[in-house]
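Load the model in your viewer and keep the sequence panel open beside it. We'll go stop by stop, with something to select each time.

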Amino acid sequence: MKRRPHPVNFGHRFARPGDIQFFRKALIKWYAHSGRQFPWRRARASRFHQVVSEVLLQRTRAETVAAFWPTFLSRFPSWSSLAVASVEQIEAVLKPIGLSAQRAPRLKALAAAIAQRRGHFPRNREEIEALPGVGQYIANAILLFCFDQPHPLVDVNMARVIERFFGVRKLADIRYDPYLQKLTHEVVSCGKARHLNWAVLDFAATVCTIKRPLCPACPLRHSCKHPKKTNNSGSGNQSPLRHRQTHPSPS
Ligand code: SF4
């Protein structure tokens with residue numbers, strides 16, 4: 001008799017390997033016909049394009065960044081062009097799309113560090129996180145795009161899809177929740193980590209949206225654990241954040 005694989009412990013919760021495989025397969029299939037096309041996702045996109053786009057995409061709609069992308073690249077085509085620009089010059093370019101004032105000094109500091117390394121990123125996670133302006137999300141993006149390592153681009157959107165499908169996290173801060181961190185790493189640990197990351201982010205933006213998820217048309221609906229999964233697309237599908245524990249701030 002064939003034995004079922006045991007559920008895997010991800011911190012305070014378990015996930016069945018079969019659910020992880022189903023999630024991966026369904027989203028890769030969905031992405032093939034419904035994924036969004038962006039210039040930084042093209043096969044010929046450089047590491048500069050891939051990493052800079054992730055810095056710009058944090059808390060900004062991808063469509064907004066895509067519309068502004070040619071303007072940005074015509075002014076700053078490389079790490080060295082960003083490194084030699086003043087913070088005010090970078091701010092002036094970012095301002096029309098409403099990017100926060102903190103984004104310009106972060107970009108300049110990161111560009112100066114990378115230009116000094118002749119465009120090369122360190123391979124080691126600790127060294128990557130020691131670069132100016134690099135937190136957990138950008139470190140994962142660098143490991144994923146520059147070194148082909150399967151790391152998740154975990155933001156609030158990816159967290160929403162993962163939590164609705166597999167079950168909610170415990171801690172308010174997604175960076176410290178062991179369940180969410182381990183589970184997202186496991187989900188993207190496959191040969192198609194880049195595409196799977198993009199698939200989850202696109203799915204979060206167009207199907208499993210914050211207020212009106214399109215559950216009736218969702219390819220994940222039969223296994224989704226969201227308690228308020230809708231039969232008709234409707235509201236009332238917010239994550240139960242108020243029950244989560246807070247985590248001490250990073251020192
Ligand atoms: S069934 Fe609804 S809540 Fe569940 S993953 Fe699909 S869109 Fe999201």
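## Stop 1: Ala139

Select Ala139 to begin: this residue is partly exposed, because 19 other C-beta atoms lie within 10 Å. The cut-offs run like this: 20 or more other C-beta atoms within 10 Å of a residue's own makes it buried, 12 or fewer makes it exposed, and anything in between is partly exposed, with C-beta atoms placed from the backbone.

Before moving on, a word on what you have loaded. It is a predicted model, in which local features need pLDDT of at least 70, side-chain atom pairs count only at pLDDT 80 or more, and totals for chains, interfaces and linings use all residues. Residues are numbered from 1 along each chain as its sequence is written.

Ala139 is part of helix H8. Helices (H or I, at least four residues) and strands (E, at least two) are DSSP runs, numbered from the N terminus. Leaving out residues up to four places away in sequence, Ala139 touches Arg125, Ile128, Glu129 and Val134. Touching, or contact, here takes two C-beta atoms, placed from the backbone, within 7 Å. Now add His151: it is 12 residues from Ala139 along the chain, and their C-alpha atoms are separated by 9.1 Å.

## Stop 2: H2 against H8

Keep H8 (residues 136-147) selected and add H2 (residues 47-57); their axes come within 10 Å and cross at roughly 160°. That makes H2 roughly antiparallel to H8. Axes are lines fitted to C-alpha atoms, for helices over the stretch in contact, and angles run from 0 to 180 degrees between N-to-C directions. Under 35 degrees counts as roughly parallel, over 145 as roughly antiparallel, 65 to 115 as roughly perpendicular, and the rest as oblique.

Which hand does the crossing of H2 and H8 have? It is right-handed. A crossing gets that label if the near helix is turned clockwise from the far one by less than a right angle, and is left-handed if anticlockwise.

Show side chains for Arg47, Gln50, Val51, Glu54 and Val55 in H2, which meet Ile138, Ala141, Ile142, Phe145 and Cys146 in H8. By class, this contact of H2 with H8 has 7 nonpolar, 1 polar and 2 charged residues. Ala, Val, Leu, Ile, Met, Phe, Trp, Tyr, Cys and Pro count as nonpolar, Asp, Glu, Lys and Arg as charged, and the others, Gly among them, as polar.

## Stop 3: Leu94 and the H5–H6 pair

Jump to Leu94, in helix H5 (residues 87-94). Leu94 is partly exposed, because it has 19 other C-beta atoms within 10 Å. Apart from residues up to four places away in sequence, Leu94 touches Leu99, Arg103 and Ala104. Draw a C-alpha to C-alpha distance to Val65 and you should get 10.0 Å, for two residues 29 apart in sequence.

Next, bring in H6 (residues 103-116), which packs on H5 at an angle of about 125° with the axes 8 Å apart. H5 and H6 are therefore oblique to each other, and the crossing is right-handed. On the H5 side, pick Val87, Ile90, Glu91 and Leu94; on the H6 side, pick Arg103, Ala104, Pro105, Leu107 and Lys108. Those residues divide into 6 nonpolar, no polar and 3 charged.

## Stop 4: two positive phi values

Go to Arg118, in the loop between H6 and H7 (125-129). Its phi is near 55°, a positive value in a residue other than glycine. Arg118 is exposed, since it has 8 other C-beta atoms within 10 Å.

Then try Asp148, in the loop between H8 and H9. Phi of Asp148 is near 55°, again positive in a residue other than glycine. Asp148 is exposed, with 9 other C-beta atoms within 10 Å.

## Stop 5: H9 across H11

Select H9 (residues 156-166) and H11 (residues 193-206): the axes come within 9 Å and cross at roughly 85°. That makes H9 roughly perpendicular to H11. Asn157, Met158, Arg160 and Val161 of H9 make the contact with Val200, Leu201, Phe203, Ala204 and Ala205 of H11.

## Last stop: zoom out

Colour by secondary structure and you'll find 11 helices and 2 strands. Of the 251 residues in the protein, 30% are buried.
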